[in-house]
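Colleague: Could you show me how to read sheets, helix packing and empty space in a model like this one?

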Amino acid sequence: MSFHLHQIAGKNAEKTKAHNRRVVLGYLRGQPAGRAEIAKASGLSTQTVSNLMAELVTEGLVVPTGRRRAARGQPPVVYAFNPSGAAVLGFEVRPDTLTMVLTDLGGTALVTRQIPLAQTDPAHVLGQMAMLAQAHMPHMPVLGAGLVIPGPFGVDGLSGVGPTALPDWDPAQIPLQAEAALGLPVHFDKDATAAALAEGMAGAASGLSSYAFLYFGTGLGLGVVAQGQPIRGAFGNAGEVGHIIVHPGGLICECGNAGCLEQYASRLSVQRHLIAMGALPPDGTGLDAALVQLLANQNQDLMVWVDTAAEALSRAIGLLENLFDPQCTVLGGALPDALIDLLIARLSLPPGSVARHSGRRNPRVLRGTSGTLTAAFGAAALVIHDTVTPRLDARAPDIAATESPPCP
Ligand SMILES: [Zn+2]
């Protein structure tokens with residue numbers, strides 16, 4: 001056995017310290033406070049808080065903002081979270097596009113870049129990522145990078161299959177390769193989960209603790225946040241909503257099903273529809289510009305797609321409401337805002353839903369406000385979330401796992 005007790009104790013001490021840092025940063029992100037107040041609120045000793053604060057001030061993540069009046073004795077120094085004390089990188093890889101954002105710790109964009117991808121083999125894309133990062137390194141420290149791709153991960157017959165997928169992107173290898181390419185710790189996740197976090201940090205879901213986010217990437221993904229934590233599932237694949245069947249016996253999907261949601265409501269489905277109608281060239285190029293133009297002209301071919309997509313989405317949203325009881329469902333991602341608004345306007349949500357209750361203050365469905373870069377912002381949000389949010393479950397989901405253990 002190569003394990004020694006002092007190694008295990010050391011690992012535990014590191015883990016505890018990382019946890020305590022998250023507790024302190026998370027508290028200060030909510031409001032400025034003195035050390036004694038943080039200690040009282042967190043249950044940490046004043047000495048532990050003092051040691052952590054000294055470290056966080058040196059790193060620039062926390063700044064003293066003055067002294068608070070006290071009834072007696074030395075008035076305590078008040079500290080505040082410093083969003084501009086460090087930066088994080090976020091990358092989204094889609095089959096045709098690489099997006100990079102650089103944000104501060106408040107999620108505010110410092111740099112955004114988007115480049116087309118002619119090829120998607122990991123070596124090429126990781127090289128492009130490193131080049132973009134190099135060209136835009138800020139003067140402040142960079143805490144890490146988030147990298148998000150479409151799911152699902154490690155599913156026979158579903159991963160790396162079809163035009164919405166990235167073949168050869170092995171989740172067991174990619175995070176390590178990305179860390180080597182970027183020279184930074186990398187948080188790896190599914191695009192929709194990350195996009196949901198971004199909408200919660202600074203978007204339509206700000207202030208909500210439980211919500212569902214339907215993400216238009218190339219296909220259609222779902223991120224669910226419940227009580228402030230993203231639901232990832234055992235293998236990081238929770239929310240593979242594109243392949244739920246909304247029309248039994250309907251359009252054949254690459255996954256082997258017939259009538260999958262993604263076949264009716266996704267970038268890919270609108271692209272295929274417009275090609276078939278002759279409104280796009282056969283290779284489907286120029287989709288974004290065409291969508292804006294066709295929308296402005298109230299183009300009938302596009303309106304036919306909108307009605308079909310809205311019907312399919314209505315079924316899916318009713319299902320999500322009854323499954324997760326979200327405060328609201330947000331629609332967002334790589335479609336023009338005006339098109340998402342139109343889809344929402346044409347929804348006909350099922351009446352039999354737990355979302356219908358008298359205390360409701362928000363609409364059942366909202367459009368996201370992070371725009372087409374939402375998953376890349378979400379990738380950055382993964383790093384910020386990990387920096388300031390204590391983990392309830394110390395064990396991260398094993399998205400690199402390829403084999404499930406037998407169920408008991
Ligand atoms: Zn499918």
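The dialogue below takes the two sheets, then a helix pair, then a cavity and a pocket.

Modeller: Please keep in mind throughout that this is a predicted model.

Colleague: Let us begin with the sheet that contains S3; in what order do its strands lie, and which strands stand at the edges?

Modeller: Strands of a sheet pair through backbone hydrogen bonds, either parallel or antiparallel. Here five strands form an open sheet with mixed pairing, and the order reads S5-S4-S3-S6-S7. The edges are taken by strand S5 (109-116) and strand S7 (186-190), each of which has a single partner strand, so one side of each is left without a neighbour in the sheet. Direction ignored, neighbouring strands of this sheet are turned by 15° against each other on average.

Colleague: In which sense do S6 and S7 pair, and over how many bridges?

Modeller: Strand S6 (residues 142-149) pairs with S7 in the parallel sense, over five bridges, and Ile149 has Lys190 in S7 as its bridge partner.

Colleague: Which helices pack on this sheet, and which strands do they touch?

Modeller: H4 packs on the sheet and touches strand S3 (87-94), strand S4 (97-104), S5 and S6, with a direction that makes about 35° with that of S4. H11 also packs on the sheet, touching S3, S4, S5, S6 and S7, and the direction of H11 makes about 140° with that of S3.

Colleague: How should I read the sheet that contains S8, and what is the order of its strands?

Modeller: The order is S10-S9-S8-S11-S12, in an open sheet of five strands with mixed pairing. Strand S10 (229-230) and strand S12 (365-367) stand at the edges with a single partner strand each, so one side of each lacks a neighbour in the sheet. Strand S8 (residues 211-216) and strand S9 (residues 220-226) are paired in the antiparallel sense over six bridges, and Leu214 stands opposite Leu222 in S9. As for the helices, H10 lies across S8, S11 and S12 and runs at about 170° to S12, while helix H11 (residues 374-388) lies across S8, S10 and S11 and runs at about 135° to S8.

Colleague: Turning to the helix pair, at what angle do H4 and H5 pack, and which residues meet?

Modeller: Helix H4 (residues 122-135) and helix H5 (residues 174-182) pack at an angle of about 40°, their axes being 9 Å apart, and the crossing is right-handed. From H4, Pro122, Leu126, Met129, Ala130 and Ala133 meet Ile174, Gln177, Ala178, Ala181 and Leu182 of H5. By class, the residues of this contact are nine nonpolar, one polar and no charged.

Colleague: How many cavities of 30 Å³ or more are there, and what lines the second largest cavity?

Modeller: Rolling a probe the size of a water molecule over the atoms shows where empty space is left. The count here is four cavities of 30 Å³ or more, and the second largest cavity holds about 50 Å³ of space. Its lining has 14 residues, with Gly332, Gly333, Asp337, Gly368 and Gly371 nearest the centre. Strand S11 (328-333) gives the most, three residues, and the lining divides into three nonpolar, eight polar and three charged residues.

Colleague: What lines the second largest pocket?

Modeller: The second largest pocket, with about 450 Å³ of space, is lined by 20 residues, among them Asp96, Arg267, Gln271, Leu287 and Asp288, which lie nearest its centre. Helix H7 (267-276) and helix H8 (287-296) each supply at least two lining residues, and the largest share, three residues, comes from H7.

Methods:
Residues are numbered from 1 along each chain as its sequence is written. This is a predicted model: local features need pLDDT of at least 70, side-chain atom pairs count only at pLDDT 80 or more; totals for chains, interfaces and linings use all residues. Side-chain values use heavy atoms; hydrogens and water are left out. On a 1 Å grid over the protein atoms alone, a cavity is a set of points where a 1.4 Å probe fits but cannot get out, and a pocket is an open set with protein on both sides within 12 Å along at least five of seven lines; lining residues have an atom within 4 Å of a point. Grid points are joined across faces, edges and corners, and a volume is the space filled by probe spheres set on the points. Helices (H or I, at least four residues) and strands (E, at least two) are DSSP runs, numbered from the N terminus. Ala, Val, Leu, Ile, Met, Phe, Trp, Tyr, Cys and Pro count as nonpolar, Asp, Glu, Lys and Arg as charged, and the others, Gly among them, as polar. Two strands pair if DSSP finds at least two bridges between them. Contact means heavy atoms within 4.5 Å. Axes are lines fitted to C-alpha atoms, for helices over the stretch in contact, and angles run from 0 to 180 degrees between N-to-C directions. A crossing is left-handed if the near helix is turned anticlockwise from the far one by less than a right angle, and right-handed if clockwise.
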